Amino acid sequence: MVNSVTDVRTQIAGLLPRLRRFGRTLAHTREDADDLVQMAVEKALTRTDQWTPGTRLDSWMFRIMQTTWIDELRARERRSQTFVSEEEGEHVGVASHDAQVDAMAVRKAIAQLGDDQRAVVGLVMVEGLSYQEAAGVLDIPVGTLTSRLARARDVLQTLLGGTP
């Protein structure tokens, strides 16, 4: 259990790999994901008093990231900025060539999902949150989350060469 502001900061630092991974799920580029993580961590550190001890810190952080990303998308839309697509051939990790090709195909397929579907895939399928926890992070009913996830899985299966 986290008992102090120092403990919260330490726990947030421990969540950085997961936050970065979720950021990559939401954002189209590594740079956008890194910026998103930085903005979310900054918000969390200035608002540690808003976190309720005894609740899941990771869910609180994912919620901050989700709302920060929504705010960023709205700001970009107002500024008429567009996303730059991820560079082709970007290598993820140090895996075999086939694994790199598979990872790139999955990343490309996930990038084609809508923002809502990408968020549920990131929270449930990548981060392993329960449907209830993910629904809480996104502030949507569990039924809505389930529907979005089912549609996202169907789209991913189609894009990756399977049959839905």
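**Note on an all-helical predicted model**

1. The largest nonpolar core (buried Ala, Val, Leu, Ile, Met, Phe, Trp, Tyr and Cys residues joined through side-chain atoms within 4.5 Å) holds 40 residues, of which Leu-19, Leu-57, Met-61, Leu-123 and Leu-145 touch the most other members. Among the elements that give two or more residues to this core are helix H1 (5–14), helix H4 (57–78) and helix H8 (142–159), and H4 supplies the largest share, eight residues.

2. This is a predicted model, in which local features need pLDDT of at least 70 and side-chain atom pairs count only at pLDDT 80 or more, while totals for chains, interfaces and linings use all residues. Residues are numbered from 1 along each chain as its sequence is written, and side-chain values use heavy atoms, with hydrogens and water left out.

3. The protein has eight helices and zero strands, where helices (H or I, at least four residues) and strands (E, at least two) are DSSP runs numbered from the N terminus. Of its 164 residues, 38% count as buried, that is, under 20% relative accessible area with a 1.4 Å probe and protein chains only.

4. Leaving out residues up to four places away in sequence, Leu-145 touches Val-120, Val-124, Tyr-131, Ala-134, Ala-135, Leu-138 and Ile-140, contact meaning heavy atoms within 4.5 Å.

5. Ser-59 lies in helix H4 and counts as buried because its relative accessibility is 14%. Neighbours within four places aside, Ser-59 is in contact with Leu-129, Glu-133 and Val-137, and its C-alpha is 7.6 Å from that of Ala-134, although the two are 75 residues apart in sequence.

Definitions and conventions
Buried < 20%, exposed > 50% of the residue type's maximum accessible area, 1.4 Å probe, protein only.
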